[in-house]
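Let's take a walk through a protein model together. Keep the 3D view open and turn it as you read.

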Amino acid sequence: VKTFFESTQMSPSKLMLSYVVFVVLSVCQVEVEDGAESIQLPFSTSKNLPEDSKVEWLDNYRKVHVYMNGSDQPEEQHQVYKDRTKVNEDLLRTGDLSLTLKQPREADSGGYRCLVWRKETLIRKKIVVLKVKGLFVHSLFVCVCFCLCAC
């Protein structure tokens, strides 16, 4: 019977050196009412990230916000999010990579990913699920309750 190392023809030291990249993954959910001024998608990580890091916030298939080379990159942002997003100043130094989404709408509900890259390597990842509660459903519920109670 061969051991794993014998069957792969790799020494334990070479195998250990092959897998040194760690990605921190966390998921959270935030909720807000439709019509709110803004909502923060939180992401707090270690301070003093490398200055050459690239921070990308994405929804399921679009770029929501991109920060690279010390500044925001609005030309990479999808039109739906134009003038609606903001990240903190000095985010790489503070480790606060949170995204503020202004004027959230029901259509904004869903999963958001924050990816932090250093060169071609993913060094951090966070998933935030946003739920924007529509005013129509809330108003309908109040109306039905009022009608039932008033009878």
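Before we start, a word on naming: helices and strands here are DSSP runs, numbered from the N terminus, and a strand needs at least two residues. Also keep in mind that what you're looking at is a predicted model.

Our starting point is Thr85, which you'll find in strand β6, a run covering residues 85–87. Is Thr85 buried or exposed? Its relative accessibility is 11%, and buried means under 20%, so Thr85 counts as buried.

Who keeps Thr85 company in there? Skip the neighbours within four places in sequence, and Thr85 is in contact with Val64, His65, Gln77, Leu99, Thr100 and Leu101. Two of these names come back when we look at polar contacts. The side chain of Thr85 makes one with the side chain of His65, at 2.7 Å. The side chain of Gln77 also has a polar contact with the Thr85 side chain, again listed at 2.7 Å.

Now zoom out from the residue to its strand. β6 pairs with strand β7 (residues 99–102) in the antiparallel sense, and three bridges join them. Thr85 takes part, with Leu101 as its bridge partner in β7. Zoom out once more and you'll see an open sheet of three strands, ordered β2-β7-β6, with antiparallel pairing. Which strands stand at the edges of this sheet? They are β2 (38–41) and β6; each has a single partner strand, so one side of each is left without a neighbour in the sheet. On average, neighbouring strands of the sheet are turned by 25° against each other, direction ignored.

Let's step over to a loop. Gly35 sits between β1 (24–33) and β2, and with a relative accessible area of 63% it is exposed. Try finding Lys133 from there: Gly35 and Lys133 are 98 residues apart in sequence, yet their C-alpha atoms are 9.2 Å apart in space.

Next up are the charged side chains. Side chains of opposite charge can pair when their charged atoms come close. How many salt bridges does a search of the whole structure find? The search turns up eight.

One of them joins the side chains of Arg118 and Asp52, at 2.9 Å from N to O. Arg118 lies in strand β8 (residues 110–118) and Asp52 in the loop between β2 and β3 (53–58), so this pair ties together parts that are 66 residues apart in sequence. Arg118 is partly exposed, with a relative accessible area of 37%, and Asp52 is partly exposed too, at 38%.

Another salt bridge brings together the side chains of Lys63 and Glu56, at 3.6 Å from N to O. Here Lys63 is partly exposed, at 29% relative accessible area, whereas Glu56 is buried, at 8%. Both residues belong to a network of salt bridges that links Lys54, Glu56, Lys63 and Glu76.

Then there's Arg93 with Asp90, whose side chains meet in a salt bridge at 2.4 Å, N to O. Arg93 is partly exposed, with a relative accessible area of 48%, and Asp90 counts as partly exposed at 39%.

Last stop: the cysteines. A disulfide calls for a pair of cysteine sulfur atoms within 2.5 Å, and by this rule the count is zero. Have a look at Cys28, which is partly exposed at 22% relative accessibility, and at Cys114, which is buried at 0%.

Notes: Residues numbered from 1 in each chain as written. Predicted model: local features only at pLDDT ≥ 70, side-chain atom pairs only at ≥ 80, totals over all residues. Heavy atoms only, no water. Helix = DSSP H or I, 4+ residues; strand = E, 2+ residues; numbered from the N terminus. Buried < 20%, exposed > 50% of the residue type's maximum accessible area, 1.4 Å probe, protein only. Polar contact = N/O pair within 3.5 Å; in protein donor to acceptor, adjacent residues only side chain to side chain. Contact = heavy atoms within 4.5 Å. Pairing = 2+ DSSP bridges. Axes fitted to C-alpha atoms, helices over the stretch in contact; angles between N-to-C directions. Salt bridge = Lys/Arg side-chain N within 4 Å of Asp/Glu carboxyl O.
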